[in-house]
Amino acid sequence: MTSRAIRILGIDPGLRRTGWGVIDVDGNRLIYVGCGSVESRDSLPLSERLLAIHEGLVKVVSEHGPLEAAVEQTFVNKDGAGTLKLGQARGVAMLVPAMSGISVAEYAPNQVKKTVVGAGHADKNQIRVMLGVLLPKAQPQTPDAADALAIAITHAHHRQSVALLRKVAGA
């Protein structure tokens, strides 16, 4: 990583599996660093599942040292209880980088798809194909890890706009 490169952590929150992806951005170049997922067992109480997500993401932040992070926004579905639980996993996903002093941006699922594929309603296979083009060394083992890399790429493309919005809001 050169001194100009920015390391970005993308997180795709989920209770069963929280995907993570790390890339370096050096100018217009995207460089694959790593990806994976933090898993929790369905049989565990919610508090222990959230703890597993927390511990897994703390380890990722510690090992990879990102400077910025991005998390996918939760979409509301018909299952209110499921949406609430996913929101709790998302809260943990946002809290871990924030506790390390890392700014966290949020992106809607359609914005991630539009940024990576060019269409807001792209499917998971289209995202995987574009990941192969944008990050040829990446071989995500789960859809969650692939989505997390897509979230990191989205932040790489929109990070200057996010920084400007934060600056204006703080003024």
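User: Which residues is Glu-72 in contact with, leaving aside its neighbours within four places in sequence?

Analyst: A contact list is read by looking at where the partners sit along the chain. In this predicted model, Glu-72 is in contact with Ile-11, Asp-12, Pro-13, Arg-90, Tyr-107, Pro-109, Val-112 and Ile-151, once neighbours within four places in sequence are set aside. Glu-72 itself has its place in strand β4, residues 68–72.

User: Is Glu-72 buried or exposed?

Analyst: Burial is read from relative accessible area, with under 20% counting as buried. Glu-72 has a relative accessible area of 16%, and therefore it is buried. UniProt, in an unreviewed entry, places the feature "binding site" at Glu-72.

User: Which other residues does the UniProt annotation "binding site" cover?

Analyst: A record like this is read against the model, position by position. The annotation in the unreviewed UniProt entry covers Asp-12 and Asp-144. These two are spread over 133 residues of sequence, yet they cluster in space, with a largest C-alpha distance of 6.1 Å. Both Asp-12 and Asp-144 are included in the lining of the largest pocket.

User: Where do Asp-12 and Asp-144 lie, and why do they count as buried?

Analyst: Take the elements, then the accessibility. Asp-12 lies in strand β1, residues 6–12, while Asp-144 lies in helix α5, residues 143–170. Asp-12 counts as buried because its relative accessibility is 7%. Asp-144 counts as buried because its relative accessibility is 16%.

User: What do Asp-12 and Asp-144 touch, not counting residues up to four places away in sequence?

Analyst: Compare the two lists with that sequence filter applied. Asp-12 touches Arg-17, Thr-18, Gly-19, Glu-72, Asp-144, Asp-147, Ala-148 and Ile-151. Asp-144 touches Asp-12, Arg-17 and Gly-19. Arg-17 and Gly-19 thus appear in both lists.

User: How should I read the sheet, and what is the order of its strands?

Analyst: Start with the strand order, then take the pairs. The sheet is open, has 5 strands in the order β3-β2-β1-β4-β5, and its pairing is mixed. β3 and β5 are the edge strands, each pairing on one side only. From one strand to the next, the twist averages 20°. β1 and β2 run antiparallel and are joined by 7 bridges; Leu-9 has Val-22 in β2 as its bridge partner. β2 and β3 also pair in the antiparallel sense, over 10 bridges, and the bridge partner of Asp-24 in β3 is Ile-31.

User: How many residues lie between the strands in the hairpin of β2 and β3, and which residue takes a positive phi?

Analyst: A hairpin is read at its turn. This one has 2 residues between the strands, and Gly-27 takes a positive phi near 65°.

User: Which residues in the largest nonpolar core touch the most other members?

Analyst: Look for the members with the most partners, then for the elements that supply them. The core has 23 residues, of which Ile-8, Ile-23, Leu-30, Leu-131, Leu-135, Leu-149 and Ile-153 touch the most other members. At least two residues each come from β1, β2, β3, β5, α3, α4 and α5. α5 gives the largest share, 8 residues. Leu-30 serves as an example: its contacts, not counting residues up to four places away in sequence, include Ile-23, Leu-134, Leu-135, Ile-153 and Ala-156. There is also a second, separate core of 19 residues, with Ile-53, Ala-69, Val-71 and Val-92 among them.

Note on methods
Residues are numbered from 1 along each chain as its sequence is written. This is a predicted model: local features need pLDDT of at least 70, side-chain atom pairs count only at pLDDT 80 or more; totals for chains, interfaces and linings use all residues. Side-chain values use heavy atoms; hydrogens and water are left out. UniProt positions are given in the numbering used here, feature names are shortened, and annotations may be inferred rather than shown by experiment. On a 1 Å grid over the protein atoms alone, a cavity is a set of points where a 1.4 Å probe fits but cannot get out, and a pocket is an open set with protein on both sides within 12 Å along at least five of seven lines; lining residues have an atom within 4 Å of a point. Helices (H or I, at least four residues) and strands (E, at least two) are DSSP runs, numbered from the N terminus. Buried means under 20% relative accessible area, exposed over 50%, partly exposed in between (1.4 Å probe, protein chains only). Contact means heavy atoms within 4.5 Å. A nonpolar core is a set of buried Ala, Val, Leu, Ile, Met, Phe, Trp, Tyr and Cys residues joined through side-chain atoms within 4.5 Å. Two strands pair if DSSP finds at least two bridges between them. Axes are lines fitted to C-alpha atoms, for helices over the stretch in contact, and angles run from 0 to 180 degrees between N-to-C directions.
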